Amino acid sequence: MSDLDNILNSFETKFSQIKNKNDLQNLKSEFFGKNGSISLQFKIMGSLNVEERKIFAKKLNDIKDKLTSQIDKKFKDFENQAINEKLKDEKVDITLPIRSTQSGKIHPVSQVIDEISSIFSEIGFSVAEGPDVESEYNNFTALNTPEDHPARDMHDTFYLDKDKKTLLRTHTSPVQIRTMLNGKPPFKIIVPGRTYRCDSDQTHAPMFHQLEGLHIDKDITMAHLKGCLNYFIREFFEVKKIKMRFRPSHFPFTEPSAEVDIGYKIKNGKIIIGEGDKWLEILGCGMVHPNVLKNTKVDPNKFQGFAFGMGIDRLAMLKYGINDLRAFFETDFRWLNHFGFDPLDVPTNYRGLSR
Ligand code: DAH
């Protein structure tokens with residue numbers, strides 16, 4: 001048997017035992033590498049005479065072609081095999097039913113707070129915040145509501161200690177105190193936030209939301225208060241004209257004090273804000289009491305201004321036709337899905353600001 005036949009035989013035997021790509025790579029170098037059996041045969045060829053060389057070269061080249069094509073094919077086989085195995089592992093069963101996904105919604109209260117903040121920011125108010133746990137002093141005393149004042153009973157306060165020194169704030173008004181104590185006039189803020197009272201029925205929840213407003217400067221009058229509220233209510237309810245009336249009232253922290261009603265009517269079971277001969281109470285307001293200014297180191301002979309407070313949840317109920325307040329805080333996803341807002345579906349009066 002010639003050397004070439006031996007080489008061929010040894011290749012066939014080794015080739016038949018190959019198990020993976022690595023073995024194949026080794027076999028390829030054994031035969032075709034720099035000192036591989038086939039490469040060596042090409043070197044020998046030079047020593048042969050012309051006739052012998054012709055025959056040898058033909059045979060050697062045939063063997064070379066045969067083995068390379070065998071090796072190449074085997075490489076392809078291994079690659080295909082790897083792909084097939086991967087496909088098997090990563091197989092996607094497209095007949096399976098899809099998993100349902102739920103996208104989040106913006107709660108009507110958050111939505112309304114964003115709307116209110118952006119409306120007031122248009123006329124120069126900035127947003128202030130304060131803690132839910134307040135001192136009795138900030139919540140009542142500094143707001144001109146001394147200990148024996150009947151207004152304290154009306155607030156159904158959740159006290160947090162025996163001495164009644166700390167409490168869950170019953171309104172957002174204490175943020176007036178915090179803001180004025182921590183800064184210098186003028187002040188022009190709104191304060192959205194959570195408030196607490198021991199109360200629960202269809203229109204009252206123990207935790208609810210209020211919006212406080214405060215504008216203090218050298219010559220702020222009730223006319224400014226009226227203009228500001230008129231603008232806000234028109235913008236918020238997206239109506240051109242509204243009927244609004246100021247009713248004399250009493251709050252310890254304002255003098256004079258008023259409650260504001262807006263006109264409305266019911267048409268086809270729906271509430272229409274701005275028209276009609278019915279009145280809806282919407283907020284409390286007044287000129288900040290000189291005692292409150294004194295308590296916060298603001299000179300009442302130099303500065304004066306107005307304050308107002310309203311229920312955010314009620315505004316949301318009115319604007320978006322929701323009639324049970326308790327549902328706001330039950331975290332029922334079906335409810336939120338119905339009354340909530342798509343983050344990208346912004347209402348027309350929304351100006352792109354957030355809290
Ligand atoms: N704090 C009052 C309440 O909870 C609402 C209020 C009324 C706030 C008049 C004010 C105001 O700032 O001037 O009932």
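Here are some questions and answers about this predicted model.

Q: Why is asparagine 268 called exposed?
A: Its relative accessible area is 77%, and exposed means over 50%, so asparagine 268 counts as exposed. You will find asparagine 268 in the loop between E7 and strand E8 (270–273).

Q: What makes the phi of asparagine 268 worth a look?
A: Most residues other than glycine have a negative phi. Asparagine 268 is not a glycine, yet its phi is positive, near 50 degrees.

Q: Why does threonine 331 count as exposed?
A: The cut-off for exposed is over 50%, and threonine 331 has 75% relative accessibility, so threonine 331 passes it. Threonine 331 sits in the loop between helix H11 (312–320) and helix H12 (333–339), and has a positive phi of about 45 degrees.

Q: How do you know that the protein is not a compact globule?
A: A compact globule of 355 residues would have a radius of gyration near 20 Å, whereas the protein has 42 Å. The C-alpha trace spans about 125 × 50 × 45 Å along its principal axes, and the centres of domain 1 and domain 2 are 90 Å apart. Domain 1 covers 2–89 and domain 2 covers 110–339.

Q: What makes the peptide bond from glutamate 255 to proline 256 notable?
A: Most peptide bonds are trans. The bond from glutamate 255 to proline 256 is cis, with omega near -5 degrees, and proline 256 lies in strand E7 (residues 254–267). The bond from proline 185 to proline 186 is also cis, with omega near 5 degrees; proline 186 belongs to the loop between helix H8 (174–181) and strand E4 (187–196).

Note on methods:
Residues are numbered from 1 along each chain as its sequence is written. This is a predicted model: local features need pLDDT of at least 70, side-chain atom pairs count only at pLDDT 80 or more; totals for chains, interfaces and linings use all residues. Side-chain values use heavy atoms; hydrogens and water are left out. The radius of gyration is taken over C-alpha atoms; the globule rule is 2.2 Å times the number of residues to the power 0.38. Domain bounds come from an automatic or database domain assignment. Helices (H or I, at least four residues) and strands (E, at least two) are DSSP runs, numbered from the N terminus. Buried means under 20% relative accessible area, exposed over 50%, partly exposed in between (1.4 Å probe, protein chains only).
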